[in-house]
Amino acid sequence: MKYKKNVYQSFAMVMQFGINMIAPILMCTLLGVYIGKKYDMIIIVVPLFFIGALAGFSNIYRLAKKIFEQESDRDTKHVKKTE
């Protein structure tokens, strides 16, 4: 039972990473397409795509940092209990 729980948690984490990466890229790209068509400068898509990618990487970094901090806190609590 515990194995299934770990698999589901891992799957949820991977999905969360994917969503945190795809959402800003997609939103910035769509914004770039909209602005590009409206003002006839489609080249604006490229920098907005990279801004979305940087935002996605930033989101993933913060999420991973938070997860690892929680795991290290959990590990230190477990070590203190066993001593």
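This passage looks at a pocket, a nonpolar surface patch and a loop residue in a predicted model.

Let's start with the pocket. The largest one holds about 350 Å³ of space, and 10 residues line it. Nearest its centre lie Asn6, Gln9, Met13, Glu71 and Arg74. Two elements each give two or more residues to this lining: helix H1, running from 2 to 39, and helix H2, running from 45 to 82. H1 supplies the largest share, with 6 residues. As for the chemistry of the lining of the largest pocket, it's a mix of 4 charged, 4 polar and 2 nonpolar residues.

Next comes the surface patch, which is nonpolar and covers about 620 Å². Six names make it up: Tyr39, Met41, Ile43, Val46, Phe49 and Phe50. Here the largest share, 3 residues, comes from H2. H1 has a part in the patch too, since Tyr39 is one of the patch residues and is found in helix H1. Tyr39 has a relative accessibility of 54%, and because the cut-off for exposed is over 50%, Tyr39 counts as exposed.

That leaves Asp40, which is found in the loop between H1 and H2. With a relative accessible area of 72%, Asp40 is exposed, because that value is over the 50% cut-off. Its backbone is worth a look as well: the phi of Asp40 is near 55°, a positive value in a residue that isn't glycine. For context, most residues other than glycine have a negative phi.

Conventions: Residues are numbered from 1 along each chain as its sequence is written. This is a predicted model: local features need pLDDT of at least 70, side-chain atom pairs count only at pLDDT 80 or more; totals for chains, interfaces and linings use all residues. Side-chain values use heavy atoms; hydrogens and water are left out. On a 1 Å grid over the protein atoms alone, a cavity is a set of points where a 1.4 Å probe fits but cannot get out, and a pocket is an open set with protein on both sides within 12 Å along at least five of seven lines; lining residues have an atom within 4 Å of a point. Grid points are joined across faces, edges and corners, and a volume is the space filled by probe spheres set on the points. Helices (H or I, at least four residues) and strands (E, at least two) are DSSP runs, numbered from the N terminus. Ala, Val, Leu, Ile, Met, Phe, Trp, Tyr, Cys and Pro count as nonpolar, Asp, Glu, Lys and Arg as charged, and the others, Gly among them, as polar. Patches are made of residues with over 30% relative accessible area and no salt bridge: like charges are joined within 9 Å, nonpolar side chains (Val, Leu, Ile, Met, Phe, Trp, Tyr) within 5 Å. Accessible areas come from the Shrake-Rupley method with a 1.4 Å probe; for residues, only the protein chains shown count as cover. A salt bridge is a side-chain nitrogen of Lys or Arg within 4 Å of a carboxyl oxygen of Asp or Glu. Buried means under 20% relative accessible area, exposed over 50%, partly exposed in between (1.4 Å probe, protein chains only).
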